[in-house]
Amino acid sequence: MTQRYQSWGRYPKASHQIQTIQWPEDLPNDLTKQIHGALPFGNGRSYGDCCLNDGGLLLDGRFRNRLLAFDAHSGILRCEAGVLLADILELMTPRGWFPAVTPGTKLLTVGGAIANDVHGKNHHRTGSFGDHVHRIGLLRSDGQQLICSPDENTDLFRATIGGIGLTGYILWAEFSLRPISNPYFDMETIRYGNVEDFFQLSSESDQDYEYTLAWLDCQGRGKNLGRGLFMRGNHAPFIPQAQWPKHASRQLNMPIDPPFTLINGLTLKAFNTLYYYKQIRRSQCACVHYDSFFYPLDAIDNWNRIYGPKGFFQYQCVLPQESGQDGIKEILKGIARSGQGSFLGVLKVFGDRQSPGLLSFPRPGSTLALDFPNRGKKTLTLLERFDTIVREAGGAVYIAKDARMSPSSFRHFYPQWQTFKSFVDPGFSSSFWRRVTEESS
Amino acid sequence: MRKILIIGATSAIAQAVAHRYAQQGHALFLTGRDPERVATIAADLRVRGAVQVESATLDANQIETHQTVLDHAITAMGSIDTVLIAHGVLNDQQTCQASVEDTLDAFQTNALSAIALLTLLANYMEHNAIKGTLAVISSVAGDRGRQSNYVYGAAKAAKSTFLAGLRNRLHSAGIHVLTIKPGFVDTPMTAHLKKGLLWAQPDDVAAGIVKSIEKRRDCVYLPGFWWLIMTIIRAIPESLFKRLTL
């Protein structure tokens, strides 16, 4: 059995006491006396330390997995916070409903989706997960159960969306699904040459395509800097069920921890080059199942183990429109110079909208996600350098992916943190929160 | 379509079994001690697609209430053709050793209450010529008494032996009796125990239960590898076994 109570990046390591929360009465009543307080734990899909509470208590909500009500006219679902997006997909796609927003994994809980205010390939159209949440049932450490919505406990509602689990225990939530006619997507994959081409394609596509995203070949240099595959797609229109494409779900597993990371200069170069040239034509169209469209990595259980026992860092930042292009180029050049390639680079232009949560990450601009094997100080220095670029550009780094940003960077990226602080439940804390707030700046 | 009665519906394994039946569009009648929790689970099963979900409050240890609750279930559902008895408690061995009362309580919950219910349900199915299923969660712990949990184990052994006899009796009536012997299952009941390689998830055990009901199996170890482990444990001569720390 793999260790359950760790973050997806498997860095940093942490040890916890565990309390299973199946019913509201299971919440211990003296949390404020608990050293380091308590933190809700969903399914451990955030990468850094915002789902960890080293030396403290984790509140495991996986048995809070009940669906409470579904309105088949409006598509509004109310469920407990431990329900996995995967369960909603399994149950609701056959009935013609799909999550309004989904990130690149379906193995996260509804509570986690709210607490990190996750976004997906359709951000430019539909915003983040929190934009579709109507009500949240919140249990505070003093035993109070509050209903938070745009009309009730409004400020606490805004703090809880993207509130990284610190405002109390999310018992349940009510949110909208969107109608679909089948579980398939019409997807086009276009090979493009560099960062400028990406922005060109993105601005051409965002009007007509609900889902857009690019995969980057981080090996590209010079005039090829930022080259990659641009993917754009829409929900497939009505297809008679008899003509649905075949979908065989094949589940693989990474069964062991290799003693060191399998991601190195050689494997990276080979993979990236092969992937970039995987299609012969410049543009290719396909009708694909949602599993291949959104969740290719979910097909490999424990894929994070490929990085070995030291784990890896995911780095995701957003850069405002004006400075975005230059900032992204600078980061990509930095990767090339450092010789620490990124296995998965993802680039997307966010929509021009205000996020619903106080600490939400999405904001107008373009977002770049990269991951790096943990090579200790070398990697930390590189990411610190990226933080400087992001700060100068007026951007931000995504908390859900972070394990190392400095307190001063955090305060710079999230100046509203002081306001947020007043909504933090006195019985709740996390490794992340202590790391970015307890040092004096 | 099955008409399923679940005793101890708030148990993690029972909930996982109920999820599967609800998703297949069966009808369910739930019982449990806490009406609010049972109502939450009933709501969940409705959303998941159960055609009908009814419920009643039942403390299985209140044996005098059994008949009333069963009559209520049969009336509400029209009839019952599948039963899952899932209630139980993982009592603390040390506490039981020190107290006759606690030992007898553990027997009451883990054996006698189920035996009482099964007696009524067996007669109901037999009298009404229902060729249904009586599925009961026992435990690998019932296969051999060990110092670390023999009170729990002995109660489960009583259940298993009772079921073997019942199966023998009801075979000619076409009634299926299933003894379910889960190993270590990672549920809120076992949250305080340290987990290792042998631990299974409730949903995996539930999949095995649903399959065993479908295939009308007699006795199943879940996951299946426990059959091998328990065969070895049962084969150890008592003269040696009594010296082991198990």
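This is a chat about a predicted model, its chain contact, its salt bridges and a few of its residues.

Visitor: Hi! Where do chain A and chain B meet, and how many residues does the contact take from each?
Guide: Welcome! The contact takes 19 residues from chain A and 23 residues from chain B.

Visitor: How much area do chain A and chain B bury between them?
Guide: About 1700 Å², with 57% of it on carbon and sulfur atoms. The size of an interface is often given as the accessible area lost when the parts come together.

Visitor: And how many salt bridges are there between chain A and chain B?
Guide: The count is two salt bridges between chain A and chain B. In one of them, the side chains of A:Arg62 and B:Asp186 meet at 2.8 Å, N to O. There are also eight residue pairs in polar contact between the two chains, both residues at pLDDT 80 or more.

Visitor: Which elements of chain A give two or more residues to the side that touches chain B?
Guide: Those are strand 4 (67-71), strand 5 (76-80) and helix 1 (85-92) of chain A. Strand 4 of chain A gives the largest share, four residues.

Visitor: Switching topic: how many salt bridges are there over all chains?
Guide: A search of the whole structure finds 32 salt bridges. Side chains of opposite charge can pair when their charged atoms come close. Take A:Asp49 and A:Arg435, whose side chains meet in a salt bridge at 2.7 Å, N to O.

Visitor: How many residues apart in sequence are the parts that this pair ties together?
Guide: They are 386 residues apart, because A:Asp49 lies in the loop between strand 2 (38-41) and strand 3 (57-60) of chain A, while A:Arg435 lies in helix 12 of chain A.

Visitor: Is A:Asp49 buried or exposed? What about A:Arg435?
Guide: A:Asp49 is buried, with a relative accessible area of 3%. A:Arg435 is buried too, with a relative accessible area of 19%, and buried means under 20%.

Visitor: Which other residue does A:Arg435 meet in a salt bridge?
Guide: The side chain of A:Arg435 also meets that of A:Asp402, at 2.8 Å, N to O. A:Asp402 sits in the loop between strand 19 (396-397) and helix 10 (407-413) of chain A, so this pair ties together parts that are 33 residues apart in sequence. A:Asp402 counts as buried, at 2% relative accessibility.

Visitor: What about chain B: which residue does B:Arg2 meet in a salt bridge?
Guide: B:Arg2 meets B:Glu214, side chain to side chain, at 3.3 Å, N to O. B:Arg2 lies in the segment before strand 1 (3-7) of chain B and B:Glu214 in helix 7 of chain B, so the pair ties together parts that are 212 residues apart in sequence. B:Arg2 counts as buried at 17% relative accessibility, whereas B:Glu214 counts as partly exposed at 47%.

Visitor: Back to chain A: which residues do salt bridges that share partners join into one network?
Guide: The network joins A:Asp49, A:Glu384, A:Asp387, A:Asp402, A:Arg404 and A:Arg435.

Visitor: Where is A:Thr437 found?
Guide: A:Thr437 is in helix 12 (residues 431-437) of chain A and counts as buried at 14% relative accessibility. The side chain of A:Thr437 reaches the backbone oxygen of A:Trp433 at 2.5 Å. Beyond its neighbours within four places in sequence, A:Thr437 is in contact with A:Phe410, A:Arg411 and A:Trp417.

Visitor: Last one: which residues form a nonpolar patch on the surface?
Guide: B:Phe184, B:Leu198 and B:Phe225 do, with about 250 Å² of accessible area together. Of these, B:Leu198 has its place in the loop between strand 6 (176-182) and helix 7 (202-214) of chain B, and B:Leu198 is partly exposed, with a relative accessible area of 36%.

Notes: Residues are numbered from 1 along each chain as its sequence is written. Chains are lettered from A and ligands numbered from 1 in the order in which they are written. This is a predicted model: local features need pLDDT of at least 70, side-chain atom pairs count only at pLDDT 80 or more; totals for chains, interfaces and linings use all residues. Side-chain values use heavy atoms; hydrogens and water are left out. Patches are made of residues with over 30% relative accessible area and no salt bridge: like charges are joined within 9 Å, nonpolar side chains (Val, Leu, Ile, Met, Phe, Trp, Tyr) within 5 Å. Accessible areas come from the Shrake-Rupley method with a 1.4 Å probe; for residues, only the protein chains shown count as cover. A salt bridge is a side-chain nitrogen of Lys or Arg within 4 Å of a carboxyl oxygen of Asp or Glu. Buried means under 20% relative accessible area, exposed over 50%, partly exposed in between (1.4 Å probe, protein chains only). Contact means heavy atoms within 4.5 Å. Buried area is the accessible area (1.4 Å probe) that two parts lose on being put together, summed over both. A polar contact is a pair of N or O atoms within 3.5 Å; within protein, one must be able to donate a hydrogen and the other to accept it, and residues adjacent in sequence count only if both atoms are side-chain atoms.
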